[in-house]
Structures are given as structure tokens and as C-alpha cells.
Amino acid sequence: MSFTPTLAPMPRGILATCSAKAKPGVTGESVRAVYEKAFADEPFVYLLPEGQWPATASVYGSNAVQVQVAYDEAAGRIIAISAIDNLTKGTAGGAVQSMNLALGLDESTGLTTIGVAP
């Protein structure tokens, strides 16, 4: 597993590229299906349509995370790219979400998926 944060001139946010070696027989379709199933019921995780890439500006001020996944057949690696607002999803929002779960509340109580700018 490799994790590569992207440093860019932006006020806040994390854009990360993570990759892992795939097992033999993996296809792009099977990788996508696993991600779709894993995040289907997650209120803050948005698996983007194929060809659309995460952007920190889209999650700025929200507890949302955008994810895109791809399979690099030539390299035999699964690549997941994500964008979060490091102050909301990364710290304060993550703490509130965890507290909600610990207290038996709906995990989205007091949190928003709508960012500051569209």
C-alpha cells in the first residue's frame, strides 16, 4: 500500500492518492464493484462516477469525502484517490461523527455534506 498526499497551494484540504498491488484476476469492474458495495450505505462517502476526479474545493467545509477508484492493468495496481476537508472531515467532523456513533445517535447528526462552495 502506498499513500501519496498532494501538496498544492490551497487553504485547506487533503488530496491523496493511495495504491496497492492487486491480486491476479482483478479487473477494473471488480474493483469498482467492491468500492460501490463498501460505500453504498456511508452517508459521507461519495464514490464519484467513472471519469470524474475528486477535488478539495468540492468538499471544503463539509464532512464529505470524494473517492475515485481505478485499476492500472499495466502496473497491476489499484489506485484510489480521495479528497477531504482536513479541518472538517479530518478533525472536528470526524470527532463529532465518532461521538454520534458512540452515543448511539445517527452518525450524521450535526454534520453536513454540503460544502462552502459548489
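This report covers the fold, the largest pocket, the ring interactions and four individual residues of a predicted model.

## Overall fold

The protein has three helices and five strands. From start to end of the sequence, these elements follow the order β-β-α-β-α-β-β-α. Two strands therefore open the pattern and a helix closes it.

Along the principal axes, the C-alpha atoms occupy a box of roughly 45 × 35 × 25 Å. The chain counts 118 residues, and 29% of them are buried. Consider the contacts with a separation of 6 or more: 54% of them join residues 24 or more positions apart.

## The largest pocket

The volume of the largest pocket is about 180 Å³. Its lining consists of Gly28, Glu29, Val31, Arg32, Glu50, Gly51, Trp53, Gln68, Val69, Ala70 and Tyr71. Which elements each supply at least two residues of that lining? They are helix α1, spanning 28-39, and strand β4, spanning 65-72.

By residue class, the lining holds five nonpolar, three polar and three charged residues. The charged ones are Glu29, Arg32 and Glu50. Gly28, Gly51 and Gln68 are the polar ones, because Gly is classed as polar here.

## Glu29, a lining residue on helix α1

Glu29 belongs to helix α1 and helps line the largest pocket. Is Glu29 buried or exposed? Its relative accessibility is 64%, so it counts as exposed, the cut-off being over 50%.

Tyr71 is another residue of the pocket lining. In sequence, Glu29 and Tyr71 are 42 residues apart. In space, their C-alpha atoms are 8.6 Å apart.

## Ring interactions

How many aromatic pairs does a search of the whole structure find? The search returns one.

A charge also sits over a ring. The charged end of Arg12 is placed over the ring of Tyr60. The distance to the ring centre is 4.5 Å.

## Strands β1 and β2

Thr6 is part of strand β1, which covers residues 2-6. Its relative accessible area is 37%. Thr6 is therefore partly exposed, as this value falls between the 20% and 50% limits. Thr6 and Thr17 are 11 residues apart along the chain, and 7.7 Å separates their C-alpha atoms.

Cys18 sits in strand β2, residues 14-21. Why does Cys18 count as partly exposed? Its relative accessible area is 22%, and buried would require a value under 20%. Cys18 and Phe3 are 15 residues apart along the chain, with C-alpha atoms separated by 4.4 Å. Beyond its neighbours within four places in sequence, Cys18 contacts Met1, Ser2, Phe3, Ile78, Ile79 and Ala80.

## The loop between β1 and β2

Where does Met10 lie? Met10 is in the loop between β1 and β2. Its relative accessible area is 26%, so Met10 counts as partly exposed, lying above the 20% limit for buried residues.

Met10 and Leu48 are 38 residues apart in sequence. Their C-alpha atoms are 22 Å apart in space.

Technical notes. Residues are numbered from 1 along each chain as its sequence is written. This is a predicted model: local features need pLDDT of at least 70, side-chain atom pairs count only at pLDDT 80 or more; totals for chains, interfaces and linings use all residues. Side-chain values use heavy atoms; hydrogens and water are left out. Rings of Phe, Tyr and Trp (its six-membered ring) pair if their centres lie within 6.5 Å; planes under 30 degrees apart count as stacked, over 60 as edge-to-face and the rest as tilted. A charge sits over a ring if NZ of Lys or CZ of Arg is within 6 Å of the ring centre and within 35 degrees of the ring normal. On a 1 Å grid over the protein atoms alone, a cavity is a set of points where a 1.4 Å probe fits but cannot get out, and a pocket is an open set with protein on both sides within 12 Å along at least five of seven lines; lining residues have an atom within 4 Å of a point. Grid points are joined across faces, edges and corners, and a volume is the space filled by probe spheres set on the points. Helices (H or I, at least four residues) and strands (E, at least two) are DSSP runs, numbered from the N terminus. Buried means under 20% relative accessible area, exposed over 50%, partly exposed in between (1.4 Å probe, protein chains only). Contact means heavy atoms within 4.5 Å.
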